[in-house]
Amino acid sequence: MTAPLKHSDPIIVDVALGDRAYDIVIGRDVLQSLGERVAALRPGARAAIVTDRNVADHWLEKTQASLAAAGIATSHFTVEEGEGSKSYAGLQQVSEALIAARIERNDLVIALGGGVVGDLAGFSAAILRRGVDYVQVPTTLLAQVDSSVGGKTGINSPQGKNLIGAFHQPVLVLADTAVLDTLPQRQFRAGYAEVVKYGLLGDEAFFTWLEANHADIFAGGAAREHAIATSCRAKAAIVVRDEREAGERALLNLGHTFGHALEAATGFSDRLFHGEGVSIGMVLAAELSAHLGMIAETEAARISNHLAAVGLPTHLQDIAGFAQEGLADADALMALMAQDKKVKRGRLTFILFKAVGSAVIAPNVEPSVVRDFLKRRLERRAPAG
Ligand code: NAD
């Protein structure tokens, strides 16, 4: 265990995208500075807050108070919580509400919520009057370290997740680590899988630090700020080098090819949160890497051990109802992976490991190799559910 960190002034991470550059402000209780930051950024702008019911219960009043104290006129619109709001109907509701609130080109949309609200409100801002600015106020760990940064916005289509969307960078991201105190523990833990991802894909020292400091991150100590800032720095650096995912940004999909297939198999339901799918997916990616001789079995075990230590699922068999869902069938999982939008001309792209802390894009993985690997994984432990 390294010496405990102390809460400090807000940490500012710069996303250096030229005329689309913005700051990510991270710290405990930074929400109260939202109004003055928005007023400084866009003097005279009005703001429409888009949020969901759970977040509104806990954090809407504080958000409104901060904006009001800075003299900013606000309106707000609340969607239902959950993935179902990232739909055509949800987009219509939010967009109509923004038009009714007379949000114009010089005004601002404020996305106050998790990845669902961020993706939905961000996409609505991208197309409203051909594009208005928006601020991300992420309220889940997943949103603070991942979805609020990088400008990917969108909704789901009945044919798949995130199929309708736009790149639209926010003008500010404000990540108040105290808002995570009201987040259900399981949601927090699912977001933590994305934190681990940054260590695993490019920063072994950060992963080692997480192994030693995860308890303080969960408890809301200063390690939480450090973990979020380190994750945001890692994501910002990749986004700046490859804003539209022509290459390197795909590294951020570590664990996602397997993970998305598992999410699809469980109907994108509460049975498997996105981060939980990513956790199992990262372990499978590590084990596939070991199977291919790219890393040692002990390194794959190290990854799995840390995720299990914080209570994340690490095996296919950890998913409730595993056996009934066709999840125990390698061919069914292969079919689900083939539907992923990262598939190019029948070949599967995986993010694999060269080492703990060093991931590579493997664009041409032979499906039969993956099928054999999955078959072996499925035989290794008797299904639990
Ligand atoms: P979410 O937005 O559904 O939030 C999870 C739950 O927590 C919801 O019920 C919400 O109401 C509740 N909640 C949020 N903040 C809370 C708080 N502070 N206190 C109490 N309850 C709170 O889920 P998520 O995991 O944040 O986001 C998942 C979405 O993000 C998915 O749609 C995914 O596709 C998307 N995503 C987008 C990107 C991107 O780059 N745009 C990246 C990763 C994920």
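Biologist: At about what angle does helix α1 run to β9?

Modeller: This is a predicted model, where local features need pLDDT of at least 70, side-chain atom pairs need 80 or more, and totals for chains, interfaces and linings use all residues. Residues count from 1 along each chain as its sequence is written, and side-chain values use heavy atoms, without hydrogens or water. Helix α1 (residues 34–41; helices are DSSP H or I runs of at least four residues, strands E runs of at least two, numbered from the N terminus) lies across β1, β2, β5, β6 and β9. Its angle to β9 (0 to 180 degrees between N-to-C directions of axes fitted to C-alpha atoms, for helices over the stretch in contact) is about 170 degrees.

Biologist: Which strands sit at the edges of the sheet?

Modeller: The open sheet has seven strands with mixed pairing (at least two DSSP bridges per pair), in the order β1-β2-β9-β6-β5-β3-β4. Each edge strand pairs on one side only, and those strands are β1 (11–15) and β4 (74–79).

Biologist: And which residue of β9 is the bridge partner of Val135?

Modeller: Strands β6 (residues 133–138) and β9 (residues 172–176) run parallel, joined by two bridges. Val135's partner in β9 is Leu172.

Biologist: Which strands does helix α3 touch?

Modeller: Helix α3 covers residues 88–100, and its direction makes about 165 degrees with that of β4. Packed on the sheet, the helix touches (heavy atoms within 4.5 Å) β3, β4 and β5.

Biologist: How are α10 and α13 arranged relative to each other?

Modeller: Their axes come within 11 Å and cross at roughly 110 degrees. Leu284 and Leu288 are among the α10 residues in that contact, with Phe373 among those of α13. Since 65 to 115 degrees is the class that applies, the two helices are therefore roughly perpendicular.

Note on methods
Parallel < 35°, antiparallel > 145°, perpendicular 65-115°, else oblique.
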